[in-house]
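Hi,

Here is the structure I promised to send over. Have a look at it first, and my notes follow underneath.

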Amino acid sequence: MKPWQLDDTTDLAPLGNGERVDVDDLWALREQFVDFMLGYKFAIDEVTTKINILREDFNNAHEYNPIEHVRSRLKSPESVLEKVQRKNYAMNLASIRANVLDIAGVRVVCSFISDIGVIKDMLAGQEDITVLEERDYITHRKPNGYQSLHLIVSIPVFRSDRTERIPVEIQIRTIAMDFWASLEHKIYYKYRGEVPPNLRTDLAQAAEVATQLDETMEALHRQVDRGTQARKATPDSLDLSLLYHNLTADQSSRRRPGDPLS
């Protein structure tokens with residue numbers, strides 16, 4: 001390590017004893033923190049790529065896809081450091097990585113309650129994903145009505161000079177749960193956390209309605225014959241000669257006189 005470089009245990013807090021801070025050290029500190037945050041951005045890219053692959057693969061194998069849409073967000077540096085300060089964690093990179101597990105977030109929204117378990121199993125079953133923690137706010141709904149399944153996972157990120165395992169928070173919820181959570185967030189943001197009692201009551205009632213809607217849609221989902229049986233896996237020994245002759249015959253019928261032969 002060069003003399004000016006900082007490691008994971010370098011204190012990120014400003015000096016409070018009146019010492020002057022070298023400008024070069026500040027730039028080095030900033031660059032290292034930017035590099036630290038970049039790892040989380042790459043981790044989001046890795047997880048969203050995996051989810052998009054699952055979505056496309058599911059579309060190919062089934063007539064029904066449990067993944068409606070995917071969103072992601074990366075906490076701002078200010079938000080990360082504010083949380084570290086508020087929680088009284090040590091102000092260094094090792095402490096942040098160990099304690100702040102929601103810097104990188106990915107939300108997967110699905111149609112039905114049963115989809116949540118399917119998506120969780122597909123992600124948790126991947127060899128390079130390690131589930132660190134699971135918080136089930138569906139079975140154990142929060143007092144305010146919030147419902148979602150939260151997974152804290154660790155995923156390898158392959159950098160140009162190293163491999164890092166980065167934590168990512170994955171939230172899996174239905175459309176109804178997502179709609180309620182979005183509304184609740186807007187209300188709490190508008191009132192800066194001091195929501196009037198009548199609105200809190202209305203939100204709790206809306207959460208009950210959302211739950212009833214999810215349960216009704218789930219019941220309908222089970223009744224309807226969607227024809228979603230997966231196609232059988234194609235064995236490696238499958239004889240493709242029939243497909244070959246069909247394709248080459250089709251190409252021959254479309255070849256014009258004078259076209260070069262491949």
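What is the order of the strands in the open sheet, and what kind of pairing does the sheet have? Keep in mind that this is a predicted model. The sheet has 5 strands, in the order E1-E2-E5-E4-E3, and the pairing is mixed. E1 and E3 (130-136) are the edge strands, each pairing on one side only. From one strand to the next, the twist averages 25°.

At the E3 end, E3 and E4 run antiparallel and are joined by 6 bridges. If you want a spot to zoom in on, arginine 135 stands opposite histidine 150 in E4. As for H5, this helix packs on the sheet and touches E1, E2 and E5. Its direction makes about 100° with that of E5.

Then there's H4, which covers residues 113-124. With 12 residues, H4 reaches 18 Å from its first C-alpha to its last, close to the 16 Å expected at 1.5 Å a residue. Which residues of H4 are buried? They are Asp115, Ile116, Ile119, Met122 and Leu123. Those residues sit on the same side of H4, because they cover an arc of only 135° around the axis.

What do the buried residues of H4 pack against? Their partners are two helices, H1 (23-61) and H5 (175-190), along with the strands E1 (67-74), E2 (104-110), E4 (149-158) and E5 (163-174).

That's what I have so far.

Cheers

Note on methods: Residues are numbered from 1 along each chain as its sequence is written. This is a predicted model: local features need pLDDT of at least 70, side-chain atom pairs count only at pLDDT 80 or more; totals for chains, interfaces and linings use all residues. Side-chain values use heavy atoms; hydrogens and water are left out. Helices (H or I, at least four residues) and strands (E, at least two) are DSSP runs, numbered from the N terminus. The expected span of a helix is 1.5 Å times one less than its number of residues. Buried means under 20% relative accessible area, exposed over 50%, partly exposed in between (1.4 Å probe, protein chains only). The arc is that of the directions from the helix axis to the C-beta atoms. Contact means heavy atoms within 4.5 Å. Two strands pair if DSSP finds at least two bridges between them. Axes are lines fitted to C-alpha atoms, for helices over the stretch in contact, and angles run from 0 to 180 degrees between N-to-C directions.
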